[in-house]
Each structure stands twice: as C-alpha cells, then as structure tokens.
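Biologist: I'm new to this one, and I'd like a close look at a single part of it. Could you pick out one helix and walk me through how it sits among its surroundings?

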Amino acid sequence: MAAHSIEARVIEPVAVMAEVKPERVLLTSRLLDDLGIDGDDAVELFDDINKRFGTDFASLYERWGGYFGPEGMPLSAELVIILAMVIGGVVAYAVTGPFGDVAGSIVGITAVSALIAVSIWIKRKLGLGKKITPITVAEVVRAVEAGAWPAESQRD
C-alpha cells in the first residue's frame, strides 16, 4: 500500500474525530494539543484505526496515561472551581450589604474569575499537573505502516 494512501486513510478518521476538514490535519498535528482528541475520543480513534488496519496498539495502551488525560475535567480543576465559587459567594455576600445586590454579584463573579485564573497561572508556572507526551498524526501513520505502536525505547 502506498505511503500517501496510508496517510490519507489515517487522516480521514482523525479529521472526523477532531471535527475538522481533512486538509486541516497535518502530519505534524498533535492529537491532543492541536486537534483536541483526548479521553474517550482518543480511545475511539485508536479502536477505529485498529479495525481499519489491524494495527496493534498494546504498547500504546500500556502507557496511555502518559499520552492522554481522562474524559472530562480533572478533579483538581473541579476542586479549584468549587473553592473559587465558595470564596466568590462569601465576597458577594459581604459586599451585598454596603453596595447592593448587583454590585455584590459583579464583585463575586470577578472574585471567582480571578481565583480560577490565578490558580491556573500558578499551576502552569510551577509545572504542576500531569506531563503529557504529544502524539502526532505522523506517529500514527508510522505505527500503521509498521503494524504496531512502537515500544517506548523505539519511539522517536
């Protein structure tokens, strides 16, 4: 099978899963960072590619958590949002008395937004959170050509 046709046949399900036109999917496109394919969507994509080509992704599945996150929001993000909402509610309640309901609501919403933004900034600055190794479309094409996802020691 010609390399070009393999590329096109791999790009097709990637584009469908990313909900973009195939011409927007490049070999250098990263599944998670550039195309937003993560969690259950990534599982569906690799299952589809396995069915189409018979590619063995056992090596990928063994280290899945290093490449993709879970579907939905991480627990740490949910906790930050809940904490921010509680603090924003307290601030809104405290401001409501002297300034009225509208001003209190505006201050509360601003406080929540600021807390969420600051917590995200701190997390990124400190390098906290899970390190994700990106997978490019080219790597998926190479795995299809080889018939299997490479062992970690063989990966570029």
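**A close look at helix H2**

Modeller: Happy to. Keep in mind that this is a predicted model: pLDDT averages 81 over the protein, and 76% of the residues score at least 70. Confidence is highest in H6, at 96, and lowest in helix H4 (residues 75-99), where the mean is 69.

Let's set the scene before zooming in. The protein has 6 helices and 0 strands, so to speak a plain α-α-α-α-α-α when you read along the sequence. Of its 156 residues, 28% count as buried. If you take contacts between residues at least 6 apart in sequence, 65% of them join residues at least 24 apart. About 9700 Å² of the protein is exposed, with carbon and sulfur atoms supplying 63% of that.

Now for our helix. H2 runs over residues 39-53, which makes 15 residues, and it reaches 21 Å from its first C-alpha to its last, close to the 21 Å expected at 1.5 Å a residue. Its buried residues are Gly39, Ala42, Leu45, Phe46 and Ile49. Looking down the axis of H2, you'd find these buried residues within an arc of 125°, so they line one face of the helix. The spacing helps here: an α-helix has 3.6 residues a turn, so residues three or four places apart point the same way. Right after H2 comes Gly54, which has a positive phi, near 75°.

What does the helix pack into? The largest nonpolar core has 26 residues, and Val14 and Leu31 are those with the most contacts inside it. Helix H1 (3-18), H2 and helix H6 (137-146) each supply at least two residues of this core, with H1 giving the most, 6 residues. That fits a general habit: in soluble globular proteins, nonpolar side chains tend to be buried together.

Leu31 is a handy place to see H2 meet other parts of the chain. Leaving out residues up to four places away in sequence, Leu31 touches Leu45 and Phe46, and its other partners are Val14, Gly36, Ile37, Phe68, Ile135, Val137 and Val140. Two of the buried residues of H2, Leu45 and Phe46, are therefore on that list by the contact cut-off of heavy atoms within 4.5 Å.

Further along H2, follow Ile49 across to Val144. Val144 lies in helix H6, and it counts as buried because its relative accessibility is 11%, under the 20% cut-off. Setting aside residues up to four places away in sequence, Val144 touches Ile49 and Phe53, along with Ile6, Val10 and Thr55. There's also a neat pairing with Asn50: the C-alpha atoms of Val144 and Asn50 are separated by 8.5 Å, although these residues are 94 apart along the chain.

For a contrast beyond H2, try two more buried spots. Ser59 is in helix H3 (residues 58-62) and is buried, with a relative accessible area of 14%. Apart from neighbours within four places in sequence, Ser59 is in contact with Trp149, Pro150, Ala151 and Glu152. Gly108, in helix H5 (residues 101-125), also counts as buried, at 5% relative accessibility. Gly108 and Val91 are 17 residues apart in sequence, and their C-alpha atoms are 5.6 Å apart in space.

Conventions. Residues numbered from 1 in each chain as written. Predicted model: local features only at pLDDT ≥ 70, side-chain atom pairs only at ≥ 80, totals over all residues. Heavy atoms only, no water. Helix = DSSP H or I, 4+ residues; strand = E, 2+ residues; numbered from the N terminus. Expected span 1.5 Å × (residues − 1). Buried < 20%, exposed > 50% of the residue type's maximum accessible area, 1.4 Å probe, protein only. Arc of directions from axis to C-beta. Core = buried A, V, L, I, M, F, W, Y, C linked by side-chain atoms within 4.5 Å. Areas by Shrake-Rupley, 256 points an atom, 1.4 Å probe, with all protein chains shown as cover. pLDDT = per-residue confidence, 0-100.
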